[in-house]
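Subject: Structure for your review

Dear colleague,

Please find the structure below, handed over for your own work. My notes on it follow directly after.

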Amino acid sequence: TIIFKKMKGIAFTMANTSTITIGVDWITEHPDDYGMVIHELTHIVQNYPGANPPLPSWVIEGIADYVRYYEYEPEKPFGLDHKHTYRDGYSMAATFFDWVQRKYDPGLVVKLNAHLQAKTYSDVLFKEFTGKRLERLWDDFKAERSEKKE
């Protein structure tokens, strides 16, 4: 179900539901933003179980933006804010995931998703999948981006 309503923000999907709520102002100004819908649909498909402690939102949002920007609309340019880190989620985490997949493990996103589903996610998984700790991967990613001046 998609609901359009007056609200602050762009869109959201409540956990464990099949309802997407989209801001009327946003969609009026951006009627062709199908990628936003893909991002929210990814959350419905994710349908992660509750966990204690909570699952990391940076990974959840990073996967949703990865699906949007690298699977659904790879031709669409999007800006990266170089002041942010992968822990901010969304496009920064998506770009980091894409880099890790291309460089180390083409199945990374699928594996992360499976571990989130099973409530077995841990940052240690990056070492298991790539041979490098998460922070080391991030340092390498930043260094490579600096060289290319993205």
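I begin with a tryptophan: W138 has a relative accessibility of 4% and therefore counts as buried, the limit being under 20%. Please bear in mind throughout that the model is predicted.

On confidence, the mean pLDDT of the chain is 91, and 95% of the residues reach at least 70. Among the elements of the chain, helix 6 has the highest confidence, at 98, while helix 7 has the lowest, at a mean of 88. As a general caution, predicted coordinates should not be read in detail where pLDDT is low.

The main subject of this message is the aromatic rings. Searching the whole structure gives 15 aromatic pairs. One of them joins W58 and F126: the ring centres are 6.3 Å apart and the planes meet at 20°, so this pair is classed as stacked, for which the planes must be under 30 degrees apart. This pair links distant parts of the chain, as W58 belongs to helix 3 (residues 57-72) and F126 to helix 6 (residues 125-130), with their positions 68 residues apart in the numbering. Both partners are buried: W58 has a relative accessibility of 5%, and F126 has 0%.

A further pair is formed by F96 and the W138 named at the start. Here the centres lie 5.4 Å apart and the planes stand at 80°, so the arrangement is edge-to-face, a class that requires an angle over 60 degrees. F96 is located in helix 4 (residues 90-103) and W138 in helix 7 (residues 134-148), so the contact ties together parts that are 42 residues apart in sequence. Like W138, F96 counts as buried, with a relative accessibility of 0%.

These four residues also belong to a wider arrangement. Ring pairs connect W58, Y86, F96, F97, W99, Y104, F126, W138 and F141 into a cluster.

Two backbone angles may also deserve your attention. N47 has a phi near 40°, which is a positive value in a residue other than glycine. N47 sits in the loop between helix 2 (34-46) and helix 3, and is partly exposed, at a relative accessible area of 40%. Y90, also a residue other than glycine, has a positive phi near 50°. Y90 is found in helix 4 and is partly exposed, with a relative accessible area of 43%.

Yours sincerely

Terms used. Residues numbered from 1 in each chain as written. Predicted model: local features only at pLDDT ≥ 70, side-chain atom pairs only at ≥ 80, totals over all residues. Heavy atoms only, no water. Phe/Tyr/Trp six-rings, centres within 6.5 Å; stacked < 30°, edge-to-face > 60°. Helix = DSSP H or I, 4+ residues; strand = E, 2+ residues; numbered from the N terminus. Buried < 20%, exposed > 50% of the residue type's maximum accessible area, 1.4 Å probe, protein only. pLDDT = per-residue confidence, 0-100.
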